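Here's a walk through one protein chain, strand by strand and helix by helix. Keep the 3D view open and click along as you read.

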Amino acid sequence: MPNLAASQAGVVSGTLSSNASVATNGVTSQIEESNAHDPSDDEKEEEEAALRSENRNNAGKKKKKRKPKKKKILTTDGVTVQSSPPRVPIASLFAGGLYPAGEEVEYRNGNAFRTTSEEKRHLDRMNSDYLTEYRHGAEVHRQVRQWAQKTIRPGQTLTEIAEGIEDGVRALTGHQGLEEGDNIRGGMGFPTGLSLNHCAAHYTPNAGNKVVLQKEDVMKVDFGVHLNGRIVDSAFTMTFDPVYDNLLVAVKDATNAGVREAGIDVRMSDIGAAIQEAMESYEVEIGGKTLPVKCIRNLNGHDIIQYSIHGSKSVPIVKGKDQTKMEEGETFAIETFGSTGNGYVRDDMETSHYAKKADAPNVPLRVSSARALLNSISKNFGTLPFCRRYLDRLGHEKYLLGLNNLVSCGIVEAYPPLCDIKGSHTAQFEHTILLRPTMKEVISRGDDY
């Protein structure tokens, strides 16, 4: 437009200056000649008028084309807004795969040098791919869980809640998990646990489950997200009655104490002691009774390795004698469980969670359905945890005999629900941390917890 307007102005000013120069020369004959009526002049004026009109029309058209199109709504960060329920893949929301970092915490004491060490910074840069995958998965977890926290209400079935979370994770990772091998590339890293009240962990509805969430329930929501086997494992607890608020505060405080204490060269026993001190400083009043909040002493955090939710190290949540140390490059799930009951859980209820063992023995399987099921598990989950609903989703039918055979042969591990005494209430909070060479990153940290 500026160039086009300048050329039009040049034509007009050039005509005026030409007439002015003729007048100042005082040559009357030339003025009279220029003012004499010539039919061709009318035609020229009409042509010039038509040209100016055409230029104005073209200018208007070009201006219209340059009008910005309203395709996407942007936030101040330049990130497109997520839908509700969440269905926009995270990869399309962050240009160039630059996903948000978690909470980055500098090491203390003898490891403080790591923050500025060039050698450690170089190691950090070498791990950029793995860090990108973890941050990608963490952002999926944050967006799905924050949607869940806003929408979960009493009156919903546990199946509806679980499938809502899992549909969100699959959409945001871009892996629906229905094609062979797709779930191994990304998607659910751990089935959605929805453990109620005295049940602390490993409960998700199987097919036909009709359980409905009640206002007085205390529900632990525990699920994992993975990209290329980098599992982000994080959990929170939901209640709808303020009588349980102090229970949740106690467990959240204990988890944060464990996260603060954790780091390179830190002993597991020290982490457990910090967690227990924070947890058991709280009490909760329920039904007119004041109850201490106890750590569930036989539940632990754990290290996470690629494609395996549980590695070889455990992170206790009570004081003990374990002198094992955390090491550079390791990933841990710091999770704590508080209870108003005995502070001790046992296997109970129907099993829903399973995982193929990384060191599964090569044994002959005499049950034909077990052989076919193992082949499907290997191709669709590998060593990632799965639940019975996931097998249903893949179209498997009448597979329980084969599944139990795989468990009895030591090829697949069963993870039954873990419960304290009936009538008690349990809560859980969990974060995944990365012990990077230069700093500790609480990869699953969000505004919610």
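Strand 11 is covered on both faces: T331, A333, E335, F337 and S339 are buried on one side, and F332, I334, T336 and G338 are buried on the other. Put another way, nine of the nine residues in strand 11 (residues 331-339) are buried. One thing to keep in mind while clicking around is that this is a predicted model.

**Who sits beside strand 11**

Which strands pair with strand 11? Strand 17 (residues 426-435) is one of them, running antiparallel to strand 11 and joined to it by nine bridges. If you want a spot to zoom in on, F337 has Q428 of strand 17 as its bridge partner. Strand 8 (residues 294-295) also runs antiparallel to strand 11, with two bridges between them, and here C295 stands opposite G338. Strand 9 (residues 301-303) pairs with strand 11 too, again antiparallel and over two bridges; in this pair D303 stands opposite F332. As a general reminder, strands of a sheet pair through backbone hydrogen bonds, either parallel or antiparallel.

**Two three-stranded sheets**

Now for a pair of open sheets. One has three strands in the order 3-16-12, with antiparallel pairing. Its edge strands are strand 3 (199-201) and strand 12 (346-347), each of which pairs on one side only. Strand 12 is joined to strand 16 (residues 418-419) by two bridges, and the two run antiparallel. Look for D347, which stands opposite L418 of strand 16.

Another open sheet of three strands has the order 14-13-15, and its pairing is antiparallel as well. Strand 14 (386-387) and strand 15 (412-415) are at the edges with a single partner strand each, so one side of each has no neighbour in the sheet. Strand 13 (residues 353-356) runs antiparallel to strand 14, with two bridges joining them, and H353 stands opposite C387.

**Helices around the 14-13-15 sheet**

Helix 12 (residues 400-408) lies across strand 13, strand 14 and strand 15, and runs at about 105° to strand 15. Helix 12 also meets helix 10 (residues 368-380): their axes come within 8 Å and cross at roughly 80°. That crossing makes helix 10 roughly perpendicular to helix 12. Which residues make up the meeting point of helix 10 and helix 12? From helix 10 come S369, A370, L373, L374 and I377, and they meet G402, L403, N405 and L406 of helix 12.

**Four side chains to check**

Here are four residues to colour by accessibility.

| Residue | Relative accessible area | Class |
|---|---|---|
| C295 | 3% | buried |
| C387 | 0% | buried |
| R389 | 9% | buried |
| H310 | 35% | partly exposed |

Why does R389 count as buried while H310 does not? The cut-off for buried is under 20% relative accessible area, so R389 at 9% falls below it, and H310 at 35% is partly exposed.

R389 is found in helix 11 (residues 388-393). Leaving out neighbours within four places in sequence, R389 is in contact with A162, E163, E166, T192, T204, P205, N206 and A207. R389 and G208 are 181 residues apart in sequence, yet their C-alpha atoms are 9.9 Å apart in space.

H310 lies in the loop between strand 9 and strand 10 (314-315). Not counting residues up to four places away in sequence, H310 touches H302, D303 and Y415. That D303 is the strand 9 residue that stands opposite F332 in strand 11. H310 also has a C-alpha to C-alpha distance of 9.9 Å to L384, with their positions 74 residues apart in sequence.

As for the cysteines, how many disulfides does the structure hold? Zero.

**Zooming out**

The chain's secondary structure comes to twelve helices and 18 strands. The chain has 449 residues, and 47% of them count as buried. Among contacts between residues at least 6 apart in sequence, 76% join residues at least 24 apart. The chain's accessible surface comes to about 22,800 Å², and carbon and sulfur atoms account for 50% of it.

How values were computed: Residues are numbered from 1 along each chain as its sequence is written. This is a predicted model: local features need pLDDT of at least 70, side-chain atom pairs count only at pLDDT 80 or more; totals for chains, interfaces and linings use all residues. Side-chain values use heavy atoms; hydrogens and water are left out. Helices (H or I, at least four residues) and strands (E, at least two) are DSSP runs, numbered from the N terminus. Buried means under 20% relative accessible area, exposed over 50%, partly exposed in between (1.4 Å probe, protein chains only). Contact means heavy atoms within 4.5 Å. Accessible areas come from the Shrake-Rupley method with a 1.4 Å probe; for residues, only the protein chains shown count as cover. Two strands pair if DSSP finds at least two bridges between them. Axes are lines fitted to C-alpha atoms, for helices over the stretch in contact, and angles run from 0 to 180 degrees between N-to-C directions. A disulfide is a pair of cysteine sulfur atoms within 2.5 Å. Angles under 35 degrees count as roughly parallel, over 145 as roughly antiparallel, 65 to 115 as roughly perpendicular and the rest as oblique.
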